[in-house]
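Got your viewer open? Keep a selection box handy, and we'll walk through this model stop by stop.

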Amino acid sequence: MRSIPDAKDEVLAKYRAGSGDEGPNGKDECASSQGWLPNGTYQVLAHDAHYNGGDLGVNGKVIHVEDKVCENGRTTRAELFVHSEMWPEGSQASRQPGEDSPYRWDGSGDYRSLGCIKLKPADIDNLFTQAGRYGWPDELKVVS
């Protein structure tokens, strides 16, 4: 969204996104490393087109957002990113029949996450393009 003074905000783009692991606690915002990201407004801490989170870590295009205390007031969700599945330079791993690579987008099952927000590679590419054109936001609003 782009805020327009004295007018309705303009929608610049919409994306399908995923959060949570779809397990028994997959929709529980207080289930660390399992559940949905808690609803609310998050401060954008940084963005990086070539993030290297290491082996099995978050890599490629990422937006790092602040930690958030969930609805129970005790559990803090930390190390939160908007990201996809790619290598640090943004490429995809080779397809491995019968295996799911954390560096390759193979379909809708890849929306599952350990609590971050995941976008397919084409969508995070577009998000970075839009943010480069209109300016990077200071906040991210999550609504499930």
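Select cysteine 70 to begin: its relative accessible area is 4%, so it is buried (buried means under 20% relative accessible area, exposed over 50%, partly exposed in between, with a 1.4 Å probe and protein chains only). Before you go on, note that this is a predicted model, where local features need pLDDT of at least 70 and side-chain atom pairs count only at pLDDT 80 or more, while totals for chains, interfaces and linings use all residues. Residues are numbered from 1 along each chain as its sequence is written, and side-chain values use heavy atoms, with hydrogens and water left out.

**The disulfide**

Now add cysteine 30 to the selection and show the sulfurs. Cysteine 30 and cysteine 70 form a disulfide, with 2.1 Å between their sulfur atoms (a disulfide is a pair of cysteine sulfur atoms within 2.5 Å). The dihedral about the S-S bond is 110°, and the link of cysteine 30 and cysteine 70 is right-handed. The pair ties together distant parts of the chain, 40 residues apart: cysteine 30 is in the segment before β1, and cysteine 70 is in the loop between β3 (68–69) and β4. Helices (H or I, at least four residues) and strands (E, at least two) are DSSP runs, numbered from the N terminus. Cysteine 30 is buried because its relative accessible area is 15%.

How many disulfides does a search of the whole structure find? The search finds one.

Next, pick cysteine 116. Cysteine 116 is in no disulfide, and the nearest cysteine sulfur, that of cysteine 70, is 15 Å away. Cysteine 116 has a relative accessible area of 10%, so it is buried.

**The strands**

Switch to cartoon and select β1, residues 40–52, along with β2. The two pair in the antiparallel sense over six bridges (strands pair if DSSP finds at least two bridges between them). To see one of the bridges, label asparagine 52 and its partner in β2, asparagine 59. β1 and β2 form a hairpin with six residues between them, and glycine 54 in the turn has a positive phi of about 85°.

β2 also pairs with β5, in the antiparallel sense over three bridges. Show histidine 64 as sticks, and you'll find it opposite phenylalanine 81 in β5. While you're here, colour β2 by accessibility: the strand is mostly covered, with five of its seven residues buried. If you want to look at side chains, remember that in a regular strand they alternate between the two faces of the sheet.

**Two backbone oddities**

Select aspartate 6, in the segment before β1. Aspartate 6 has a positive phi of about 55° although it is not a glycine. Is aspartate 6 buried or exposed? It is exposed, because its relative accessible area is 86%.

Then jump to glutamate 22, which also lies in the segment before β1. Glutamate 22 is another non-glycine with a positive phi, about 65°. At 64% relative accessibility, glutamate 22 counts as exposed.

**The helix stop**

Go to helix α1, residues 121–134, and click glutamine 130. Glutamine 130 counts as buried because its relative accessibility is 15%. Leaving out residues up to four places away in sequence, glutamine 130 touches Leu12, Ala13, Tyr15 and Gly135 (contact means heavy atoms within 4.5 Å).

**The pockets**

Turn on a surface for the last stops. On a 1 Å grid over the protein atoms alone, a pocket is an open set of points where a 1.4 Å probe fits, with protein on both sides within 12 Å along at least five of seven lines; lining residues have an atom within 4 Å of a point. Grid points are joined across faces, edges and corners, and a volume is the space filled by probe spheres set on the points.

The largest pocket has a volume of about 1300 Å³. Its lining has 36 residues, and the closest to its centre are Met1, Ala13, Tyr15, Leu140 and Lys141. The elements giving two or more residues to this lining are β2 (59–65), α1 and β7 (139–142). By class, the lining of the largest pocket divides into 22 nonpolar, seven polar and seven charged residues. Here Ala, Val, Leu, Ile, Met, Phe, Trp, Tyr, Cys and Pro count as nonpolar, Asp, Glu, Lys and Arg as charged, and the others, Gly among them, as polar.

Finally, the second largest pocket has a volume of about 550 Å³. Of the 29 residues that line it, select Leu56, Val58, His83, Ser113 and Leu114, the closest to its centre. β4 (76–77) and β5 (80–83) are the elements that give two or more residues to the lining of the second largest pocket.
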